[in-house]
Amino acid sequence: MNISTFIREEVKPALGCTEPGAVALAASVAARELASDVERIHLKLSANIFKNGLSVGIPGLKSKRGNLLAAALGALGGNPDKGLMVLEGIGEETQQKALRMLQSGGVTQEVVQDVPSVYVEADVYGGGHSASCVVSGKHDRVVEVRKDGNITRRLLEVDSTSQTRPRHVDELMNMGMKELWKLADQITQEDEEFLVSGAEMNLKVAEAGLKEPWGIGVGYTINMQDFSREDILMGIKAVCGAAADVRMAGGSYPVMSSAGSGNHGITAILPPTIVAKRLKKDKRSLAEALALSHMVTSAIKAHTGRLTPICGCAVAAGSGAAAAIVRLCGGTYQQAQQAVGFLAASLLGMICDGAKEACALKVSTAAGEAYTSALLALKDRSFPVAQGLISEDFVETARSIGLLSREGMVTTDLVMLKRLSELNGL
């Protein structure tokens with residue numbers, strides 16, 4: 001696997017939650033194809049996109065949320081060339097126009113079956129014409145564009161409902177910790193600069209959440225306690241919670257994502273960054289640790305799928321952060337593997353019930369557990385035998401997590417979707 005290619009494909013800046021971001025992108029691409037004023041929008045969403053975009057804040061519109069609003073903003077003023085930054089720079093006039101479209105019932109949605117977990121089809125109408133855009137497989141992966149029913153652009157050899165994955169996903173599924181550890185050594189100077197810039201980006205978001213309470217104020221509240229300033233564990237929980245507070249409440253701050261998720265990016269990036277600062281590590285050491293964190297995160301996501309009933313911010317990104325902290329502290333790949341086992345043993349049961357302000361609690365918890373798990377591993381604590389689904393071997397643990405998520409929790413996702421629809425009057 002080429003580490004530089006992996007980083008460019010899996011580590012990207014995103015504005016706001018990536019599920020409504022994908023919706024906004026699809027609507028924006030379709031609107032540009034329409035080339036007329038958009039009068040009406042209809043969304044066809046996978047259950048996971050519907051769930052994750054239902055209650056999360058939209059950048060620039062504090063207290064406003066949801067996929068429908070994201071679609072209206074994307075169609076009326078989004079820039080599709082910016083990818084998951086599509087809503088950057090949306091002005092007040094467009095915001096008000098989008099809100100009026102929602103109030104008039106001009107944006108509708110439905111959940112469709114037998115599609116990838118990441119699937120958005122945005123159909124826009126206006127001026128007697130229609131246009132559509134399908135995003136599938138990845139949040140920024142446009143696979144098909146149509147105008148008046150005719151295909152104008154299509155990703156070669158990809159059906160709009162396929163689960164085709166990038167090559168590195170399949171490669172990661174069989175890579176052990178030793179291989180990932182060695183790959184982190186191979187990052188280029190350009191990779192180093194990019195990875196460190198992502199850490200700085202996410203620290204900036206956290207700073208906003210530490211200064212004032214966003215959402216439910218998880219990070220702000222922890223930071224107000226005197227102990228958090230000296231206690232690195234509580235400091236990690238405060239910083240990561242604060243970043244997620246801002247992001248989930250609709251703050252207009254870009255976040256460096258990991259494996260298609262901004263909250264994954266916060267969890268995978270910030271704990272090792274804080275540890276590196278405390279240990280006064282150089283940029284190269286931090287960048288190598290971040291590369292490892294992103295690879296471990298994506299390796300677990302390769303087994304579970306992109307969007308899952310298990311909280312990936314906790315189990316996948318938390319595992320990445322734990323391994324990265326071990327590396328920064330001078331540990332070995334064997335200890336990093338053990339740290340992942342500790343993290344998974346602690347948080348495997350955490351579910352994803354959609355993106356919303358309360359996700360800051362999960363991110364803060366995962367970040368703290370990543371640090372604790374790394375400490376245990378660095379002291380050579382280990383499992384005497386396999387612990388339930390958790391093995392000493394990283395690949396086997398990732399396979400267990402994947403099986404539990406893909407097969408064992410299918411009913412869980414269906415029940416959550418039904419209950420969320422009831423609670424939101426849908």
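The lining of the largest cavity in this predicted model is a mixed one: its residues divide into 12 nonpolar, 11 polar and seven charged. The cavity itself encloses about 260 Å³ of space, and 30 residues line it. If you want to centre your viewer on it, start from N52, S261, H264, C313 and C352, which lie nearest its centre. Now follow the chain outward from there. The elements that give two or more residues to this lining are helix 2 (18–34), helix 11 (232–248), helix 12 (262–278), helix 14 (312–328) and helix 16 (359–378).

Rolling a probe the size of a water molecule over the atoms shows where empty space is left. In this model the count comes to four cavities of 30 Å³ or more. The second largest cavity has a volume of about 80 Å³, and its lining is made up of E9, E10, K12, L84, K138, H139, D140, S257, A259, G260 and R306. How do the residues of this second lining divide into nonpolar, polar and charged? Two are nonpolar, three are polar and six are charged.

Helix 12, one of the elements that line the largest cavity, is worth a second look. A268 has its place in this helix, and at 0% relative accessibility A268 counts as buried. Leaving aside residues up to four places away in sequence, A268 touches S258, L290, S293, T297, A317 and A321. For a sense of scale, take A268 together with T397: the two are 129 residues apart in sequence, and their C-alpha atoms are 18 Å apart in space.

Just past helix 12, you come to K280, in the loop between helix 12 and helix 13 (283–304). What is the sign of phi at K280, a residue other than glycine? Phi is positive there, near 55 degrees. K280 is exposed, with a relative accessible area of 74%. D114 also deserves a stop on a backbone tour: D114 is not a glycine, yet its phi is positive, at about 55 degrees. D114 sits in the loop between strand 5 (107–111) and strand 6 (119–126), and with 75% relative accessibility D114 counts as exposed.

Next, the cysteines. A disulfide is a covalent bond between the sulfur atoms of two cysteines. How many disulfides does the structure hold? The number is zero. C311 shows why: the closest cysteine sulfur, in C313, is 4.5 Å from the sulfur of C311, which is too far for a bond, given that a disulfide needs the two sulfur atoms within 2.5 Å. C329 is in no disulfide either, with the nearest cysteine sulfur, that of C240, 15 Å away. As for their surroundings, C311 counts as buried, at 6% relative accessibility, whereas C329 counts as partly exposed, at 35%. C313, the neighbour of C311 in this sulfur comparison, is also among the residues nearest the centre of the largest cavity.

Finally, a word on confidence. The protein averages a pLDDT of 93, and 96% of the residues score at least 70. Where does pLDDT stay under 50? That happens over residues 158–163, for which the model has 16 contacts beyond four places in sequence.

Conventions. Residues numbered from 1 in each chain as written. Predicted model: local features only at pLDDT ≥ 70, side-chain atom pairs only at ≥ 80, totals over all residues. Heavy atoms only, no water. Buried < 20%, exposed > 50% of the residue type's maximum accessible area, 1.4 Å probe, protein only. pLDDT = per-residue confidence, 0-100. Contact = heavy atoms within 4.5 Å. 1 Å grid on protein atoms, 1.4 Å probe; cavity = no way out; pocket = protein on both sides within 12 Å on 5 of 7 lines; lining within 4 Å. Points joined across faces, edges and corners; volume = space filled by probe spheres on them. Helix = DSSP H or I, 4+ residues; strand = E, 2+ residues; numbered from the N terminus. Nonpolar A, V, L, I, M, F, W, Y, C, P; charged D, E, K, R; others polar.
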